[in-house]
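Work through the following exercises with the sequence and the coordinates open beside you. Each task is followed by a solution that proceeds step by step.

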Amino acid sequence: MGGFKSGRRRWLSGPSEAQCLGLSVFALKRTKALDLEPEEVCRRTSVWESAGQSFGSVGLTVEADPQGRPALVWLSYEYRGTPVRYAIQFTSTRCNYGGVRWWFICPVVGCGRRVAKLYLPPVGNHFICRHCARLVYAVTRMRLSQRLLRRVEKIQNRLGWSNPLGGERPKRMHTPTFAKLVDLYNRYFRLAVQKFYEQWGIKTGEP
Ligand SMILES: [Zn+2]
């Protein structure tokens, strides 16, 4: 499930769906993770791959309520070396031809949209709805100085990374140089994430 297409180094200039890692409720349903017994707990792993290369994975634990309906899904993954764990709630709507359709509820405070897909935006460590992901981009773009943005972009180009979560050391780059660049890159990232949380107040789960 998921599916990540490599958007070559351009994510800083504006995120598109292809440049965010996504989680789909339909993909989860296809793995039978939403057909549960009362209070059943069901575990799955979502892996993103592009051209045979893995971009990361997310552990998914779906918990059913006493009626056997999916209540929430715990997401656990590593974001830039830090473990992240929090729950996304489900909601349902009735289908015209019977049965129910399941949706995620966006975890951003003040959003709570019913969505089929959540995205990990280029900046920020939580899966959120498409609308909020666009806001993240707008806010970080607005708040970060042009000078800082140019520096981040320059580092990313030197590293040859197309994935916001990071990547491998380029073959010709020495290890100390790589470590220095990654450190700098992470520092700018943290600054951007911090500004995002200040403004939008995403609920954070205990790691
Ligand atoms: Zn949202």
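**Exercise 1. Establish how confident the predictor is along the protein chain, and where its confidence falls.**

Solution. Begin with the average: in this predicted model, the mean pLDDT of the protein chain is 77, and 69% of its residues reach 70 or more. Next, go through the elements, among which H2 has the lowest mean pLDDT, 69, whereas strand S7, residues 114–115, has the highest, 96. Then turn to residues 1–18, where pLDDT stays under 50 although the model has 43 contacts for them beyond four places in sequence. Residues 203–207 also have a pLDDT below 50, and this stretch has 10 contacts in the model beyond near neighbours in sequence.

**Exercise 2. Describe the overall arrangement of the protein chain.**

Solution. Counting the elements gives four helices and eight strands. Reading them along the sequence yields the pattern β-α-β-β-β-β-β-β-β-α-α-α. Of the 207 residues, 29% count as buried. For the contacts with a separation of 6 or more, 50% are accounted for by residues 24 or more positions apart.

**Exercise 3. Analyse the pairing of S4 with S5 and the backbone of their hairpin.**

Solution. Locate strand S4 at residues 70–79 and strand S5 at residues 82–94, and note that the two pair in the antiparallel sense over eight bridges. To fix the register, take Leu-72, whose bridge partner in S5 is Gln-89. Finally, inspect the two residues between the strands of this hairpin, where Arg-80 takes a positive phi near 50°.

**Exercise 4. Identify the residues and elements that make up the largest nonpolar core.**

Solution. Start with its members: the core holds 28 residues, of which Cys-106, Leu-118, Phe-127 and Ile-128 touch the most other members. Then assign the contributions, since two or more residues come from each of strand S1 (21–24), helix H1 (25–30), strand S3 (53–64), S4, S5, strand S8 (117–120) and helix H2 (130–143). As a last step, follow the surroundings of Phe-127, which, leaving aside residues up to four places away in sequence, touches Leu-23, Leu-75, Ile-88, Leu-118, Tyr-119 and Leu-120.

**Exercise 5. Examine the positive phi values of Lys-32 and Glu-39, and decide whether each residue is buried or exposed****.**

Solution. Place Lys-32 in the loop between H1 and strand S2 (41–50), and read its phi, which is positive at about 65° although Lys-32 is not a glycine. Lys-32 counts as exposed because it has 10 C-beta neighbours inside 10 Å, the limit for this class being 12 or fewer. Glu-39 is likewise found in the loop between H1 and S2, and its phi, near 55°, is again a positive value in a residue other than glycine. Glu-39 has 12 C-beta neighbours inside 10 Å and therefore counts as exposed.

**Exercise 6. Compare the settings of Gln-156 and Pro-170.**

Solution. Gln-156 has its place in helix H3, and with 22 C-beta neighbours inside 10 Å it counts as buried. Its C-alpha atom is separated by 9.9 Å from that of Gly-167, 11 residues apart along the chain. Pro-170, in turn, is found in the loop between helix H3 (146–159) and helix H4 (175–200), and its 14 C-beta neighbours inside 10 Å make it partly exposed. The C-alpha atoms of Pro-170 and Leu-159, also 11 residues apart along the chain, are separated by 6.3 Å. Not counting residues up to four places away in sequence, Pro-170 touches Leu-159 and Gly-160.

Conventions: Residues are numbered from 1 along each chain as its sequence is written. This is a predicted model: local features need pLDDT of at least 70, side-chain atom pairs count only at pLDDT 80 or more; totals for chains, interfaces and linings use all residues. Two strands pair if DSSP finds at least two bridges between them. A nonpolar core is a set of buried Ala, Val, Leu, Ile, Met, Phe, Trp, Tyr and Cys residues joined through C-beta atoms within 7 Å. A residue is buried if 20 or more other C-beta atoms lie within 10 Å of its own, exposed if 12 or fewer, and partly exposed in between; C-beta atoms are placed from the backbone. Two residues are in contact if their C-beta atoms, placed from the backbone, lie within 7 Å. pLDDT is the predictor's confidence in each residue, from 0 to 100.
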